[in-house]
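I opened the notebook with a short list of things to look up. One residue comes first, then the sheets, then the chain as a whole.

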Amino acid sequence: MVEVRNVSKQYGGKVVLEETSVTIQKGKITSFIGPNGAGKSTLLSIMSRLIKKDSGEIYIDGQEIGACDSKELAKKMSILKQANQINIRLTIKDLVSFGRFPYSQGRLTEEDWVHINQALSYMKLEDIQDKYLDQLSGGQCQRAFIAMVIAQDTDYIFLDEPLNNLDMKHSVEIMKLLKRLVEELGKTIVIVIHDINFASVYSDHIVALKNGRIVKEGPPEEMIETSVLEEIYDMTIPIQTIDNQRIGVYFS
């Protein structure tokens, strides 16, 4: 379980997060939704210790993350940032192997290769694993970075807009894969996501942020409601139920 307690963050005097508290339950997919500038990515980055908080506390399995050893934390928590840039020429397989660094320190073992190959298989990258990143489409590159996170084999996986650069087919495949990681391997996944319908269909819990505060949270059936979404996005979004899934018709 991850507990965020009264976390605040400012940039240049502008409040980005204000006394934010939320609990992430284990073995679930939790989605952060909300308009641009709501504080979603900042909260995820603070939870993963990429950004320092100004105040508050964050606990992972009962331990404050500031007190965690970096190597041990990297075995417990992995993150895919919104923008990923590497300035050296790597193959997909090389990139995915970086996910094993907290365990191997660069000296890959047979067990490491099991995780690397499993991650390549999960992301359907085996056939192109020897291609260089600069030879890939945006979608293939995004899948390669997700494979690296999977290879890290952490209990907690944080993903900041993982569907970036992905077409509809691959977006659905990624979300189905994340569901499998939860159901089959017991992972705990937190996603920053813009599409409320992906959040509705694949999340166990949805947290809505606006202006640096959590305005509402709950299961999809409570969150994907016209009145709730209007409070979050300042627009009226009719809801339809299709195959027992609540879908927002926000494009009409």
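**Entry 1: Pro 102.** Is Pro 102 buried or exposed? I looked up its relative accessible area and found 13%. The cut-off for buried is under 20%, so Pro 102 counts as buried. I note that this is a predicted model, so the value is computed from predicted atoms. Pro 102 lies in helix 4, which covers residues 101–104.

Next I asked which residues Pro 102 touches, leaving out those up to four places away in sequence. I found Lys 71, Ala 74, Lys 75 and Gln 152. I also checked Pro 102 against Ser 70. The two are 32 residues apart in sequence, and their C-alpha atoms are 9.1 Å apart in space.

**Entry 2: the open sheet.** I traced an open sheet of four strands. Its order is 2-1-4-5, and the pairing is antiparallel. Which strands stand at the edges? I found strand 2 (14–24) and strand 5 (63–64) there. Each has a single partner strand, so one side of each is left without a neighbour in the sheet.

I then followed the pairing of strand 1 (residues 2–11) with strand 2. Seven bridges join them in the antiparallel sense. As a register mark I took Glu 3, which stands opposite Thr 23 in strand 2.

**Entry 3: Val 4.** I stayed in strand 1 and picked Val 4. Its relative accessible area is 3%, so I logged Val 4 as buried. I listed its contacts, again without residues up to four places away in sequence. Val 4 touches Thr 20, Ser 21 and Val 22. It also touches Leu 43, Met 47, Glu 57 and Ile 58. For a long-range check I took Val 114. Val 4 and Val 114 are 110 residues apart in sequence and 34 Å apart in space, C-alpha to C-alpha.

**Entry 4: strand 3.** How many residues of strand 3 (residues 29–33) are buried? I counted five of five. I sorted the side chains by direction. Ile 29, Ser 31 and Ile 33 point one way, while Thr 30 and Phe 32 point the other way. I wrote down the background: in a regular strand the side chains alternate between the two faces of the sheet.

Which strands does strand 3 run parallel to? I found strand 8 (residues 188–192), joined to strand 3 by four bridges. I also found strand 9 (residues 205–210), likewise joined by four bridges. For the register, Ile 29 stands opposite Ile 189 in strand 8. Phe 32 stands opposite Val 207 in strand 9.

**Entry 5: the whole chain.** I stepped back and tallied ten helices and twelve strands in the protein chain. The radius of gyration is 18 Å, close to the 18 Å that the globule rule gives for 252 residues, so the chain is as compact as a globular protein of that length. Along its principal axes the C-alpha trace spans about 50 × 40 × 35 Å.

Buried residues make up 48% of the 252. I looked at contacts between residues at least 6 apart in sequence: 64% of them join residues at least 24 apart. The chain exposes about 12400 Å², and carbon and sulfur atoms supply 46% of that. Last, I checked the charges: 29 are positive and 35 negative. Their mean positions are 4 Å apart.

Definitions and conventions: Residues numbered from 1 in each chain as written. Predicted model: local features only at pLDDT ≥ 70, side-chain atom pairs only at ≥ 80, totals over all residues. Heavy atoms only, no water. Helix = DSSP H or I, 4+ residues; strand = E, 2+ residues; numbered from the N terminus. Rg over C-alpha atoms; globule rule 2.2 N^0.38 Å. Buried < 20%, exposed > 50% of the residue type's maximum accessible area, 1.4 Å probe, protein only. Contact = heavy atoms within 4.5 Å. Areas by Shrake-Rupley, 256 points an atom, 1.4 Å probe, with all protein chains shown as cover. Lys, Arg positive; Asp, Glu negative; His and termini not counted. Charge placed at Lys NZ, Arg CZ, Asp CG, Glu CD. Pairing = 2+ DSSP bridges.
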